[in-house]
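Trainee: I would like to learn how to read a structure one feature at a time. Please show it to me, and I will ask as I go.

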Amino acid sequence: MPAKLHITEIGRVAVPAADQNRALAFYVDTLGFELRSDETFADGKMRWIEVAPPGGSTAIALAPPMEGGPTAVDTGIVLSSTDIEADHAALKEAGVDVDPEIVRWGDPVPPMFRLRDPGGNALTIVEPVD
């Protein structure tokens, strides 16, 4: 084991996207993420897409599912919001699969709700407590 590793950040998290075009449209058009990368490789047979919240440092890679792997997962991704009430209402109004209510367990747990992208991948949105 080296004395010091050279890890500097969590750069991206891969989420399976069986339909990459549909996933890309959801993350950019519905969630308002920026498209950071959309490249084909392997003679055009593969595609690498990265999206992130505007100004965010960690991206989500919308990757084809591994052969035999799951096509929908609980991603463990937690997104932060400055107005959870407004975001919950807007996503619900847009027809996104969101939890019916915002969960409020009290300090130190922030208010939160979960949503599912078109592929069934679950993400959580929280409004951090100061």
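Trainee: Why is β8 largely enclosed by the rest of the structure?

Mentor: Keep in mind that this is a predicted model. A residue counts as buried when its relative accessible area is under 20%. Five of the five residues of β8 meet that condition, so the strand is largely enclosed by the rest of the structure.

Trainee: Which way do the residues of β8 point?

Mentor: The general idea first. In a regular strand, side chains alternate between the two faces of the sheet. In this case Ala122, Thr124 and Val126 point one way from β8, while Leu123 and Ile125 point the other way. All of them are buried.

Trainee: Which strands pair with β8, and in what sense?

Mentor: There are two pairings to look at. β5 runs parallel to β8, and four bridges join them. β7 pairs with β8 in the antiparallel sense, over five bridges.

Trainee: Which residues stand opposite each other in these pairs?

Mentor: On the β5 side, Leu79 stands opposite Ile125 in β8. On the β7 side, the bridge partner of Phe113 is Ile125, and Arg116 stands opposite Ala122.

Trainee: What do β7 and β8 form, and how many residues are between them?

Mentor: They form a hairpin with five residues between the two strands. Gly120, in the turn, has a positive phi of about 95 degrees.

Trainee: In what order do the strands of this sheet stand?

Mentor: The order is β5-β8-β7-β6, in an open sheet of four strands with mixed pairing. β5 and β6 (97–98) are at the edges with a single partner strand each, so one side of each has no neighbour in the sheet.

Trainee: How do I place that sheet in the whole protein?

Mentor: Count the elements, then read their order. The protein has two helices and eight strands, and along the sequence they follow the pattern β-α-β-β-β-β-α-β-β-β. Of its 130 residues, 35% count as buried. Among contacts with a separation of 6 or more, 47% are between residues 24 or more positions apart.

Trainee: What does one such contact look like in the sheet?

Mentor: Take Thr75, which is in strand β5. Its C-alpha atom is 6.0 Å from that of Leu123, although the two residues are 48 apart in sequence. Leaving aside neighbours within four places in sequence, Thr75 is in contact with Val15, Asn121, Ala122 and Leu123. Thr75 has 17% relative accessibility, so it counts as buried.

Trainee: Which residues touch the most other members of the largest nonpolar core?

Mentor: They are Tyr27, Val51, Ile60, Leu62, Leu91, Phe113 and Leu115, in a core of 23 residues. The elements giving two or more residues to this core are α1 (20–30), β3 (46–52), β4 (59–63), β5 (74–80), α2 (84–93), β7 (112–116) and β8 (122–126). α1 gives the most, with four residues.

Trainee: What does Leu62 touch, not counting residues up to four places away in sequence?

Mentor: Leu62 touches Val15, Ala17, Gln20, Ala23, Leu24, Tyr27, Ile49 and Val51.

Trainee: Is Ala59 buried or exposed?

Mentor: Ala59, in strand β4, is buried, with a relative accessible area of 3%. Beyond residues up to four places away in sequence, Ala59 touches Gly11, Arg12, Val13, Glu50, Val51 and Ala52. Its C-alpha atom is 21 Å from that of Leu91, a residue 32 places away along the chain.

Trainee: What should I look for in the backbone of the loops?

Mentor: Look for exceptions to a general rule. Most residues other than glycine have a negative phi, and most peptide bonds are trans. Ala42 has a positive phi, near 55 degrees, and Asp43 also has a positive phi, near 55 degrees. Ala42 is in the loop between β2 (34–41) and β3, and so is Asp43. At 42% relative accessibility, Ala42 counts as partly exposed, whereas Asp43, at 76%, is exposed.

Trainee: Where is there a cis peptide bond?

Mentor: The bond from Asp107 to Pro108 is cis, with omega near 5 degrees. Pro108 is in the loop between β6 and β7.

How values were computed. Residues are numbered from 1 along each chain as its sequence is written. This is a predicted model: local features need pLDDT of at least 70, side-chain atom pairs count only at pLDDT 80 or more; totals for chains, interfaces and linings use all residues. Side-chain values use heavy atoms; hydrogens and water are left out. Buried means under 20% relative accessible area, exposed over 50%, partly exposed in between (1.4 Å probe, protein chains only). Contact means heavy atoms within 4.5 Å. A nonpolar core is a set of buried Ala, Val, Leu, Ile, Met, Phe, Trp, Tyr and Cys residues joined through side-chain atoms within 4.5 Å. Two strands pair if DSSP finds at least two bridges between them.
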